[in-house]
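Me: I'm new to this one and would like a close look at a single part of it. Could you pick an inner space, tell me what surrounds it, and then work outwards from there?

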Amino acid sequence: MAWNVFKFCTGLRVVGSVMILVVLAVVSVSYYAVVISNYGPQLLKGGSETVVAAFVLIVFHALLVMLLWCYFAVVVTDPGGVPQGWKPEADDEDLEAQTMPLSASTVAGLNSGGRCILKMDHHCVWVVNCVGARNYKAFLLFLFYTFLETTLVALSLLPHFIAFFSDVEDNASTPGSLATTFLGFVLDLAFALSVLGFLIMHVSLVSGNTTTIEAYEKKASTRWQYDLGRWRNFEQVFGTRRSHWLLPTYAEEDVRRMPSLRGLDYPVRAGIEGSEI
């Protein structure tokens, strides 16, 4: 019996629903550790401690809002699918490939709701969604704000984490606050380091105007016709309006005049004829 990849993706959606709860749980632990256990009470102490606490809390909440906005933008935004009845312009070399019959499992998957994702990068269980043309920017910003937020939490909890190992007599915190601080520091440090790796990888992909799947499929020696230069490659994902670069949205002007943001047409590098979808 043939293995149906579409049923596997359905299983990933179930796992992803649990992962959303995990994300919210980590956010809750971090919030309790930073706001309720440590820097909230520090606001009332006065002097320089109040200034530091106010700074940490303002930046923490600002990053948290952006993180959650980008996260749920990835979750709820349709990555884009091939429109019904749409067909690419075929050349002679593609005719044979287009007439190849689909496997039984693929046909069954398509009939059960499976589809091709525009500029698909990967399927992410953390967001219960595929990452493609229309939510890739939000995904990158989610990684960016997650790294900033988890780094801030880890650094702000570091003194309190060190205090966790101090003598109980010198530490006025309750056992519950100490445990939450310890857990929050460890979780956020781990997430900051792991997200940094993903962020570096995707920065490299954006700079070459490629996706995770394409990076694995193409040969290193092949000239990538969609590489327009780092600046234009960046604009293919984030748009041209600087006011929208740090937001999980696009300016209407960019959406109208940049087909790549809609996921169907992509410009190619000068000197290479033809274009691909």
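Reply: Let's start with the lining of the largest cavity, whose residues divide into five nonpolar, two polar and one charged. In that count, Ala, Val, Leu, Ile, Met, Phe, Trp, Tyr, Cys and Pro are nonpolar, Asp, Glu, Lys and Arg are charged, and the others, Gly among them, are polar. The residues around the space are Lys-119, Ala-133, Tyr-136, Gln-236, Val-237, Tyr-250, Ser-260 and Leu-261.

Before going on, keep in mind that this is a predicted model, where local features need pLDDT of at least 70, side-chain atom pairs count only at pLDDT 80 or more, and totals for chains, interfaces and linings use all residues. Residues are numbered from 1 along each chain as its sequence is written, and side-chain values use heavy atoms, with hydrogens and water left out.

The idea behind the search is simple: rolling a probe the size of a water molecule over the atoms shows where empty space is left. On a 1 Å grid over the protein atoms alone, a cavity is a set of points where a 1.4 Å probe fits but cannot get out; a pocket is an open set with protein on both sides within 12 Å along at least five of seven lines, and lining residues have an atom within 4 Å of a point. The largest cavity comes to about 40 Å³, where volume is the space filled by probe spheres set on the points, joined across faces, edges and corners. Just one cavity in the structure reaches 30 Å³ or more.

Now zoom in on one of the lining residues, Gln-236. This residue belongs to helix H8, which covers residues 230-238. (Helices, H or I with at least four residues, and strands, E with at least two, are DSSP runs numbered from the N terminus.) Gln-236 counts as buried because its relative accessibility is 8%; the cut-offs are under 20% for buried, over 50% for exposed and partly exposed in between, with a 1.4 Å probe and protein chains only. What does Gln-236 touch, leaving aside its neighbours within four places in sequence? Its contacts are Asn-209, Leu-228, Met-258, Ser-260, Leu-261 and Pro-267, a contact being heavy atoms within 4.5 Å. Ser-260 and Leu-261 also appear in the cavity lining.

Step back along the chain and you meet Gly-229, in the loop between helix H7 (212-217) and H8. With 30% relative accessibility, Gly-229 counts as partly exposed. Its C-alpha atom is 7.6 Å from that of Ser-207, though the two are 22 residues apart along the chain.

Another part worth following is helix H5, residues 136-163. Ala-138 sits in H5 and counts as buried, at 5% relative accessibility. Beyond residues up to four places away in sequence, Ala-138 touches Cys-70, Ala-73, Val-74 and Pro-248. Ala-73 is 65 residues from Ala-138 along the chain, yet their C-alpha atoms are separated by 6.3 Å. His-160 is in H5 too, and it counts as partly exposed, at 22%. Setting aside neighbours within four places, His-160 is in contact with Asn-38, Tyr-39, Gln-42 and Thr-181.

H5 also helps to form the second largest pocket, an open space of about 490 Å³. Of the 25 residues lining that pocket, Trp-126, Phe-142, Thr-146, Phe-191 and Val-195 are the closest to its centre. Besides H5, the elements giving two or more residues to the lining are helix H1 (5-42), H2, strand E1 (122-124) and helix H6 (175-207). H6 gives the most, with seven. This lining has 15 nonpolar residues, seven polar and three charged.

Zooming out, the protein has nine helices and two strands, in the order α-α-α-α-β-β-α-α-α-α-α. Of its 277 residues, 38% count as buried.

Finally, how far can you trust the coordinates? The mean pLDDT, the predictor's confidence in each residue from 0 to 100, is 81, and 78% of residues reach 70 or more. Helix H2 (residues 48-76) has the highest mean among the elements, 95, and helix H4 (residues 104-111) the lowest, 44. Over residues 92-112 the pLDDT is below 50, and this stretch has 16 contacts beyond near neighbours in sequence. Where pLDDT is low, the predicted coordinates should not be read in detail.
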